[in-house]
Amino acid sequence: MNAAIVLIDAARTDGAIAVAFGPDSVTVIVITTDGRLKRVGLRSGSVEELASGLDVTGGISWSSDDRLLFGDVTRLLWMPASGGKPAPIVEIAQGMSGLSL
């Protein structure tokens, strides 16, 4: 098996705390420490900001149906990989201390 590591200087992604590969394997989503969600083209080096003001805890996942899944302290959220407003999937009600599935 041949493998290669490609390093790309993706400007404006400083402070990345979580990264997920897209279904095409040539695009990644980056969450930064200042709460920005960015899509980065690995071949082109392009950077597009999809959302800001996020308080993401944990990581992020990019599903095969082009949805981004991530969470904050009390919610599991999704949004289209093309951008938009995050919408809750699951939310912990006020006064609850956790979630069991």
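## Salt bridges in a predicted model

Asp72 and Arg75 are joined by a salt bridge in which the closest N and O atoms stand 2.7 Å apart. The structure described here is a predicted model. Of the two partners, Asp72 counts as buried, at 15% relative accessibility, whereas Arg75 counts as partly exposed, at 30%. Asp72 is classed as buried because its value falls under the 20% cut-off.

The count of salt bridges comes to 5. Among them are the three listed below, each with its N to O distance.

| Salt bridge | Distance, N to O |
|---|---|
| Asp72 and Arg75 | 2.7 Å |
| Glu49 and Arg36 | 3.0 Å |
| Arg36 and Asp34 | 3.1 Å |

Which residues are linked in a network of salt bridges? The network consists of Asp34, Arg36 and Glu49. Within it, the side chain of Arg36 meets that of Asp34 and also that of Glu49. The Glu49 and Arg36 pair ties together parts that are 13 residues apart in sequence, because Glu49 lies in strand 4 (residues 47-51) and Arg36 in the loop between strand 2 (27-32) and strand 3 (37-41).

The accessibility of the network residues completes this account. Arg36 has a relative accessible area of 30% and is partly exposed. Asp34 is partly exposed as well, with a relative accessible area of 48%. For Glu49 the relative accessible area is 40%, and this residue is also partly exposed.

Technical notes: Residues numbered from 1 in each chain as written. Predicted model: local features only at pLDDT ≥ 70, side-chain atom pairs only at ≥ 80, totals over all residues. Heavy atoms only, no water. Salt bridge = Lys/Arg side-chain N within 4 Å of Asp/Glu carboxyl O. Buried < 20%, exposed > 50% of the residue type's maximum accessible area, 1.4 Å probe, protein only. Helix = DSSP H or I, 4+ residues; strand = E, 2+ residues; numbered from the N terminus.
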